[in-house]
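Here's a quick briefing to read alongside the sequence and the coordinates. Have the structure open and follow along chain by chain.

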Amino acid sequence: MEPGKRRPLEGIRVIDLTKIVAGPNATRMLATMGAEVIRVEWHDQRALDMLRMIRPGVPGGDPNSLNRSGLFNNLNAGKYGITLNMSLPQGRELFKRLIAKASVLCENYSPEQMESWELGYPVLSKINPQLIYLQITGMGKSGAYKAYRSVGPTAQALSGLTHMSGLPEPMPPAGWGYSYLDHSTGYYGAIFVLAAMMKRRRTGRGCYIDLSQTETGLMLSGTAVLEAQITGKTTARYGNRMPFVQWAPHGAFRCRGSDEWIAIAIQNDEQWTQLVEEMGSPQWARASRFAHASGRKTHEDELERFLAEFIKDYDRYELMERLQRRRIPAGPVQNAADRCERDPQLKQRGYFVPLPQSEIGTWPIEDFPAKFQNTPISVGGPPGRAAPLIGEDNDYVYREVLGLTLEEIAALKEDWII
Amino acid sequence: MTTETALSSALEESVVIELGDERGEFAGMLLAMLGAEVIKLEGRHGSKSRAMGPFVKSEHDADQSLYFSRYNLGKKSISLEFEHPAAAAVRTRLADRADIIIDSGEASDVAQRLKLYRDRQNSNPRLIICTITPFGLDGPYRDLKMTDLTQLAMGGVMASCGYDPRPDGTYDTPPIAPAMWQAYHIACAHAVLAIFAALHFRELAGIGDFIDVSIHEAVSNCTEVAIPSYIYNQAIVQRQTGRHAAEHPTRPWLRRTNDGRYVKAFMFWSRHEARVIGEMLNEAGIEHDLDSDTYRELCERSPSAGHSHLNGLVDRLAASMTADELFHRAQAKGLLWASVRAPEENIVDPHFRARGTFQPIDDPVMGRRLLYPVSLATDGNKPLTSFERGAPCLGEHTREVLSLLGISEAESDLLASQGAI
């Protein structure tokens with residue numbers, strides 16, 4: 001980042017009461033844009049991010065350390081970290097002082113937690129009318145399920161995203177192999193906060209954002225809801241095939257090696273003709289039933305069997321190169337090792353950014369996936385580093401942000417409040 | 001909707017020009033949702049996405065695509081042939097009036113179009129241009145031909161999604177792209193984030209920006225633990241049925257219920273959960289030993305064996321009731337379980353009705369009103385966003401927009417006769 005350039009969210013302070021992935025992903029975006037994000041944590045189950053304690057961890061070091069999780073390091077880059085015992089009244093009073101000095105609060109605790117501490121939006125907005133309060137829950141904070149508890153997979157199930165993913169019945173849903181809705185809800189949480197800031201500039205007032213993970217999943221369910229209203233039929237699964245356009249073959253095909261696959265998507269007759277030529281124009285591929293898109297779609301099972309036989313002995317990268325030379329959409333199914341070690345695109349675009357963390361040293365962190373000509377953003381945020389250690393920035397926040405004295409800070413530590 | 005907090009007007013004075021193909025349509029829709037005036041440039045024959053199903057009745061009618069209706073809510077459509085020589089003056093005036101231009105497609109096509117308008121940032125320095133391309137505008141993969149499927153493959157999503165391996169650890173099922181268009185959803189969310197970053201920077205610096213979004217990088221950024229597992233532990237996560245890919249096999253989450261459906265029973269395998277499940281088994285009249293010394297001793301001797309035993313009882317519990325019954329009973333006891341629903345099943349659910357999750361939007365061409373799942377947040381009472389209109393018919397706003405640009409009817413007629421609109 002160009003030295004001295006003003007970051008887009010310069011001067012924006014975000015109090016971060018988030019855990020796991022959804023909330024931290026939202027605040028990660030804001031930190032990348034230059035907001036001063038202060039993670040508030042405590043050494044109890046309610047307030048400690050469980051990601052600090054799960055694999056993958058950096059090998060070696062103290063096995064009980066809370067600062068060695070790789071996923072936590074990736075998701076919380078660019079933030080500050082403090083400890084604050086919110087279950088004590090003194091802790092909550094200190095929290096209110098932080099709110100008075102903040103622009104934004106992001107939180108994704110259990111649905112009723114903040115109210116139980118008497119820290120809901122009605123209370124906090126009286127302290128700071130300009131506050132933008134983003135609350136992320138599984139189902140939303142109103143309606144019949146407002147107290148229901150959720151993690152990403154729960155919301156994925158209810159929203160339809162699990163049902164839609166996978167091979168057709170009688171196979172069960174494959175669902176998502178990770179918490180897609182944690183990632184996505186984080187994106188939309190950050191988008192809503194950024195939009196609310198635009199609006200606040202005009203009105204001078206903050207707002208409350210009750211963001212639902214399940215509703216985010218519904219937003220991402222494509223055309224399923226519309227089609228079901230037209231046809232009256234339940235949404236079906238279709239594996240890797242394309243049900244909406246006559247694109248065939250359209251799927252993942254096994255290549256040489258252990259669990260190595262290539263995805264191929266034929267969108268038109270010209271691409272099919274090119275594929276047939278690349279295969280050496282075998283007799284089966286010249287059959288008239290495969291000549292046009294509608295025929296290929298009708299005979300997709302048979303088509304896939306033939307194609308799988310052709311592909312199975314190829315190296316997936318070699319085949320990608322051959323097919324791409326003929327302008328056929330094709331790409332290997334890349335796992336993490338492939339992306340880290342074999343992907344020249346990610347390497348050349350500087351996708352992995354080395355950032356220091358105070359206990360584990362410097363590790364690669366995934367960057368924001370866009371290049372800007374003018375806007376200075378940095379995944380290391382204002383502190384220019386990966387994730388904070390637990391309580392790493394107590395001195396900075398309590399002294400410089402809240403103006404406490406060294407004696408006051410020592411007393412708070414002594415009383416198990418910070 | 002309370003005007004004080006509604007975010008449908010957050011971008012009310014912003015004009016967005018949308019160029020390109022289906023890769024960027026969701027970004028334009030999100031900006032329209034937040035109040036921007038989004039003008040979609042389609043050409044005289046309409047966007048490619050008008051030919052993408054599912055269709056209401058016939059795929060030959062450009063206004064019958066549900067795909068187009070879904071991803072172009074709230075936009076205006078002008079049938080301008082953007083690269084037509086006679087359209088130069090319109091291009092100039094559009095770019096000079098715009099706050100944001102979104103341009104999506106293959107990098108070579110986008111680069112070609114940029115030659116026609118990139119220099120408008122000289123006369124309109126506040127203009128923000130955001131391109132959305134498969135790999136960004138540079139790099140060795142820049143010109144690879146991609147679709148949503150191949151992006152999900154190369155970006156790492158498919159490697160984490162699918163079915164359990166066989167007992168010997170090998171797979172007889174392919175990696176799965178978890179429903180279509182998710183690569184574009186992911187990229188467009190990042191494009192909107194990037195645009196907001198540039199809008200906030202513009203408030204500080206007074207200048208716009210040029211943003212180059214890579215779909216590949218966006219998808220790569222959305223694979224959770226896969227990358228850290230490799231970076232920190234050189235481990236590759238293995239795909240599993242209906243649950244997270246993991247370095248080592250984990251116990252199932254999906255449970256078949258007695259109505260032939262599934263519940264996703266997400267568990268931490270804690271003692272608390274075992275106690276709650278014991279209560280649920282009692283209520284369902286199913287015999288169990290979860291409160292016995294035998295079970296406690298089994299858990300102490302072998303936690304894995306204890307979990308296996310509990311796992312079998314959860315299966316029996318699920319098989320004793322319907323998916324929705326189990327969902328509500330489990331949630332009432334604080335378990336993080338949910339029924340696996342098709343998205344449209346939520347239309348009639350009182351929870352989502354109360355929250356206004358599905359917005360009714362009239363479509364004059366279809367002649368009916370459909371419910372769109374487009375609200376994901378409330379202000380505590382009502383949706384924070386809504387759409388003022390559905391997707392446009394092809395060229396519905398051509399004359400209106402040209403008139404706003406100061407182009408007379410006679411000039412518009414001339415453009416039409418020249419084949420530019």
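What follows is a short tour by topic, from domains down to single residues. Keep in mind that this is a predicted model. Chain A and chain B share a contact built from 127 residues of chain A and 129 residues of chain B, and each chain is assigned two domains.

**Domains**
- In chain A, domain 1 covers 13-219 + 347-414, while domain 2 spans 250-336. Their C-alpha centres sit 43 Å apart.
- For chain B, the assignment gives 15-222 + 356-417 as domain 1 and 250-340 as domain 2. Here the distance between the C-alpha centres is 44 Å.

**Where the chains meet**
- On the chain B side of the contact with chain A, helix α8 (residues 182-205) of chain B supplies the largest share, with 15 residues.
- That side of chain B breaks down into 77 nonpolar, 37 polar and 15 charged residues.
- Strands pair across the chains too: β12 (residues 370-372) of chain A runs antiparallel to β6 (residues 209-214) of chain B, with three bridges between them. Within this pairing, Val213(B) is opposite Ala370(A).

**A three-stranded sheet in chain B**
- Strands β9, β10 and β11 of chain B make an open, antiparallel sheet in the order β9-β10-β11. At its edges are β9 (254-256) and β11 (337-339), each of which pairs on one side only.
- From one strand to the next, the twist averages 25 degrees.
- β9(B) connects to β10 (residues 262-265) of chain B through three bridges, and Arg255(B) has Val263(B) as its bridge partner in β10(B).
- Helix α14 (residues 323-332) of chain B packs on this sheet and touches β10 and β11 of chain B, with its direction at about 160 degrees to that of β11(B).
- The other chain gets involved as well: helix α6 (residues 152-159) of chain A lies across β10 and β11 of chain B, at about 15 degrees to β11(B).

**A buried strand in chain A**
- Strand β5 (residues 132-137) of chain A is largely enclosed by the rest of the structure, because six of its six residues are buried.
- As a rule, side chains in a regular strand alternate between the two faces of the sheet. In β5(A), Ile132(A), Leu134(A) and Ile136(A) are buried on one side, and Tyr133(A), Gln135(A) and Thr137(A) are buried on the other.
- β5(A) pairs in parallel with β4 (residues 104-107) of chain A over four bridges, and also in parallel with β6 (residues 207-212) of chain A over six bridges.
- Tyr133(A) turns up in both pairings: Leu105(A) is its bridge partner, and Tyr208(A) in β6(A) stands opposite.

**Helix α10 of chain A**
- Helix α10 (residues 224-231) of chain A has Ala224(A), Val225(A), Leu226(A), Glu227(A) and Ala228(A) as its buried residues.
- Those buried residues pack against α7 (161-164) of chain A, and against α2 (66-71) and β13 (368-373) of chain B.
- Gly232(A), just after α10(A), adopts a positive phi of about 75 degrees.

**A loop proline in chain A**
- Pro168(A) belongs to the loop between α7 and α8 (180-203) of chain A.
- Pro168(A) counts as exposed because it has 10 C-beta neighbours inside 10 Å, and the cut-off for exposed is 12 or fewer.
- Beyond its neighbours within four places in sequence, Pro168(A) contacts Ala236(A), Arg237(A), Tyr238(A) and Gly239(A).
- Pro153(A) is 15 residues away from Pro168(A) in sequence, and the two are 20 Å apart in space, C-alpha to C-alpha.

Definitions and conventions
Residues numbered from 1 in each chain as written. Chains lettered and ligands numbered in written order. Predicted model: local features only at pLDDT ≥ 70, side-chain atom pairs only at ≥ 80, totals over all residues. Domains from an automatic or database assignment. Pairing = 2+ DSSP bridges. Helix = DSSP H or I, 4+ residues; strand = E, 2+ residues; numbered from the N terminus. Axes fitted to C-alpha atoms, helices over the stretch in contact; angles between N-to-C directions. Contact = placed C-beta atoms within 7 Å. Nonpolar A, V, L, I, M, F, W, Y, C, P; charged D, E, K, R; others polar. Buried ≥ 20, exposed ≤ 12 C-beta atoms within 10 Å, placed from the backbone.
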